[in-house]
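Here is a friendly walk through one protein model. Keep the sequence and the 3D view open while you read.

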Amino acid sequence: MKRTWCLSLILGSTLIIFISCKSETKEKKSAKRPNIVFIMSDDHAYQAISAYSDKLIQTPNIDRIANEGMLFTNASVTNSICAPSRAVILTGKHSHINGKIDNLSPFDTTNITFPQLLQNAGYQTAMFGKLHFGNNPKGFDEFKILPGQGDYYNPTFNTKQGDTTIVGYVTDIITDLTIDWLEKRRDTARPFLLMHLHKAPHRSWLPAERHYKEFTKKTFPLPETLFDDYATRGEAARNAEMNIHKHMVLNYDNKVTPEIIEELGIKDRKLFDPLEKMTPEQKLAWDSVYSPINEDFRKRYPSMNDSTLMVWKYQRYLQDYLGTIAAVDENVGRLLDYLDKEGLSENTLVVYTSDQGFYLGEHGWFDKRFMYEESFKTPLLIKWPHVINAGTTEDEMVQNLDFAQTFLQVAGALPPPDMQGESLVPLFKGEKEKWTREAVYYHYYEYPAEHAVKRHYGIATKDYKLIHFYYDVDEWELYDRKNDRFEVNNVYQDPKYSKVVRKMKQKLKEVRLKYKDSDSLSNQYINLYKEKGWIEE
């Protein structure tokens, strides 16, 4: 389609002089489309962003996105585990539809992803950082991605030209690569999609050297449920293997040296050395701060009981976890500053999120996987000048399922009819009446596996959350989200909630039908585990 616009000048009453005529072509129209910068960290708990809570850490640069845009308070994931979450984001389809149900199964590369569709619509596309599945992501003009989990120090990257190892700290390097692309290879005549994907703060939580001293000296408030006894809950919560005291590994997680662990006669799991990629100089800097911590632990351990050891592990966990986030926040600031400096911010939609939430001692846990609040909810902050009013808050039930359709609408591209999300654009514009979703759907599959979190599915509304654990148990849980924010009271059997249970079960049936999930499909995935030998028959 081509439209012609002409400027004219009228002299006197009759003389018309045409000064110029120009056409608005598809190319000119496309140049006006916004850029999209998608920033995602790995396992970043919303509790560790000061826009949500300032009890643990200040994140002024991430907060800038909320201050200049919108903070979502009810954002969640469909499956709280790394690779499946990313597959949902890319495809706009639930795990049971795109096939990437867990970290074990391969990603079906016949899936169409939103970067492919944006690329076809004329967007320049690039990805830097952690993808977590596959070494050749489709739909990107350029990529440098970490193989698997990647390393905090001196990481290797997969590229179209082969593997390359870069000396330094991974969070800084990912930002260096991102800004280098913006400076040197961005096509200024085209809109771009830039996926800036941090490894941090994924386990085993190695901060940048500049943050060692600051964070190892900090003491953090204990969560109210650190010593949760799971009294009202069933086997799933009681049998999960992610308790800080029982399951956090002293060497891999808390950075106690193997020599001290052996000297003290502690029986502990052995995982690989998290410091093995460090250069001698990097290791020397690490030891200068962490050796005194180890020596102090060696002296104190004989007098510790279960409770004091739990608290010690919790503090060490948060010191390193939050130390890695400090570098993420700094580098988000670097990227935002660059966009501002180059005049790109005015026409760029910027997203900050995580692939899921994370437990920071709540219920005594670390890790994620459960539909309980801290892992189910994910941080989501979005700014888009002239569309999103600065400093707004949104409490609608949104999910990572919605990113694909949102970005396609923003770019003026039609989503495939089999995408299952809902565009966030009406919420950006304050048009809440156009938002149709009341309940979000969740389904977790990776069991038996690391952390022993049982298979479960459920729905959440603003008021309630209904969860069904299945396969080797048959347990239901209902939580009153308004009156039990710590989710310690399962009221499924409470007569006062009988009507709520009936309504939520009916809504669950409707939602499962809408998203094409079923018990028979769940059984197919269980059988797949049996065929692969992941379940003993």
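Proline 448 sits in the loop between β15 and β16. (The strand and helix names come from DSSP runs: helices are H or I with at least four residues, strands are E with at least two, and both are numbered from the N terminus.) The peptide bond leading into this proline, from tyrosine 447 to proline 448, is cis, with omega near -5 degrees. The model you are looking at is predicted, so local features need pLDDT of at least 70 and side-chain atom pairs count only at pLDDT 80 or more, while totals for chains, interfaces and linings use all residues. Residues are numbered from 1 along each chain as its sequence is written, and side-chain values use heavy atoms, with hydrogens and water left out.

There is another cis bond to look for, from alanine 200 to proline 201, with omega near 0 degrees. Proline 201 is in the loop between β10 and α7 (212-216). Why point these out? Most residues other than glycine have a negative phi, and most peptide bonds are trans.

Phi has its own oddities here. Where is aspartate 43? It lies in the loop between β3 and α2 (60-67), and its phi is positive, about 70 degrees, although it is not a glycine. Lysine 516, in the loop between α16 and α17 (519-532), has a positive phi too, near 65 degrees. Buried or exposed: which word fits aspartate 43? Aspartate 43 is buried, with a relative accessible area of 1%, whereas lysine 516 counts as exposed at 61%. (Buried means under 20% relative accessible area, exposed over 50%, and partly exposed in between, using a 1.4 Å probe and protein chains only.)

**The four-stranded sheet**

Back to β15. This strand belongs to an open sheet of four strands, in the order β15-β16-β17-β18, with antiparallel pairing. β15 (440-444) and β18 (475-480) are the edge strands with a single partner each, so one side of each has no neighbour in the sheet. From one strand to the next, the twist averages 15 degrees. (Two strands pair if DSSP finds at least two bridges between them.) β15 and β16 (residues 456-460) are joined in the antiparallel sense over five bridges.

An edge strand can still be covered up. Five of the five residues of β15 are buried, so the strand is largely enclosed by the rest of the structure. Val440, Tyr442 and Tyr444 are buried on one side, and Tyr441 and His443 are buried on the other. That fits a general pattern: in a regular strand the side chains alternate between the two faces of the sheet.

Helix α16 (residues 498-514) lies across β15, β16, β17 (464-469) and β18, at about 110 degrees to β16. (Axes are lines fitted to C-alpha atoms, for helices over the stretch in contact, and angles run from 0 to 180 degrees between N-to-C directions. Contact means heavy atoms within 4.5 Å.)

**The 10-stranded sheet**

Another open sheet has 10 strands with mixed pairing, in the order β9-β8-β7-β6-β10-β3-β11-β12-β4-β13. Its edges are β9 (162-165) and β13 (392-394), each with a single partner strand, so one side of each is left without a neighbour in the sheet. Inside this sheet, β3 (residues 35-41) and β10 (residues 192-197) pair in the parallel sense over five bridges.

Here are some facing pairs from both sheets:

| Residue | Stands opposite | Strand of the partner |
|---|---|---|
| Tyrosine 442 | Glycine 458 | β16 |
| Tyrosine 444 | Histidine 456 | β16 |
| Methionine 40 | Leucine 197 | β10 |

**Helices around it**

Helix α6 (residues 170-184) lies across β6 (124-130), β7 (142-146), β8 (156-159) and β10, running at about 170 degrees to β10. The axes of α6 and α12 (residues 306-341) come within 9 Å and cross at roughly 10 degrees. That makes the two helices roughly parallel (angles under 35 degrees count as roughly parallel, over 145 as roughly antiparallel, 65 to 115 as roughly perpendicular and the rest as oblique). Residues in this contact include Ile179 and Leu182 of α6 and Leu335 and Tyr338 of α12.

Finally, α2 is mostly covered, with six of its eight residues buried. Those buried residues pack against β4 (70-72), α12, β11 (348-354) and β12 (380-383).
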